[in-house]
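User: I am new to this protein and would like a close look at a single part of it. Please pick one helix and tell me how it sits among its surroundings.

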Amino acid sequence: MTIFENITTMGQQAKTASALMAKASAATKNKALRHLAALLRANTDALQLDNAKDLERARAAGLAEPMVDRLKLTPQVLETCAQGCEQLAAMPDVIGEIIGMKQVPSGIRVGQMRVPIGVFGMIFESRPHVTIEAASLSIKSGNACILRGGSEAIESNKALAKLVQQALADSGLPVDAVQLVQTTDRAAVGQLITMPQFVDVVIPRGGKGLIERISAEAKVPVIKHLDG
């Protein structure tokens, strides 16, 4: 399967999953988040083994140590991710909430209802824990997402995404609600950000260079997230 076919298929799957996520109950979404937290804690050792592969490859490629530090999935980092999932689960579900109610001259009362976006794509650099941050927020908000992390953290991202999909499946939610681009080929990014029929918004997260490039090439709305 070509990269075009692969990313297109992911887009189709995400779109289908987004309709199911939009209908999911708050209890089901919170169950998935709490289960993900438990999986992160239960798989800390295994995740560190996968992370070690990325760290070894990064050092062999001459990556500066401060950049290597960004790749690390220490027990503390994973515990923070788990706690973040639990904190999200404990928060009120705002989907369906109506705000800004007012009465217009005709006598009709109108307001704004909070609804899911649909499908978002996130492209991020380094920091594999962003996989969990993005996935957990997507689940809580009833959306679907396609994630593309940096090539330097590919093994860590794959391992984390697998746990996310396990949490979704075990909770009765569609596994395609959170998908990770498995290839490090940059052509995948070009395809992901030019599929308005499947992707509703793209979120580039990282340095100024990444954000400017995605913003210039994207054919869908862009929400910029500059990492400090």
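Analyst: Two terms come first: helices (H or I, at least four residues) and strands (E, at least two) are DSSP runs, numbered from the N terminus, and a contact means heavy atoms within 4.5 Å. This is a predicted model, where local features need pLDDT of at least 70, side-chain atom pairs count only at pLDDT 80 or more, and totals for chains, interfaces and linings use all residues. Residues are numbered from 1 along each chain as its sequence is written, and side-chain values use heavy atoms, leaving out hydrogens and water.

Let's take helix H1, residues 3-23. The expected span of a helix is 1.5 Å times one less than its number of residues; for the 21 residues of H1 that gives 30 Å, and the end C-alpha atoms lie 31 Å apart, which agrees.

Next, burial: buried means under 20% relative accessible area, exposed over 50%, and partly exposed in between (1.4 Å probe, protein chains only). By that rule Ile7, Thr8, Met10, Gly11, Ala14, Ala17, Ser18 and Met21 of H1 are buried. Their cover includes strands E3 (119-124), E4 (144-148) and E5 (178-180), along with helices H6 (130-140) and H8 (187-192).

One of these neighbours, H6, is worth following further. Its glutamate 133 meets arginine 205 in a salt bridge, 3.0 Å from N to O; the term means a side-chain nitrogen of Lys or Arg within 4 Å of a carboxyl oxygen of Asp or Glu. Arginine 205 belongs to strand E6 (residues 201-206), so this pair links distant parts of the chain, 72 residues apart. Arginine 205 is buried at 12% relative accessible area, whereas glutamate 133 is partly exposed at 30%.
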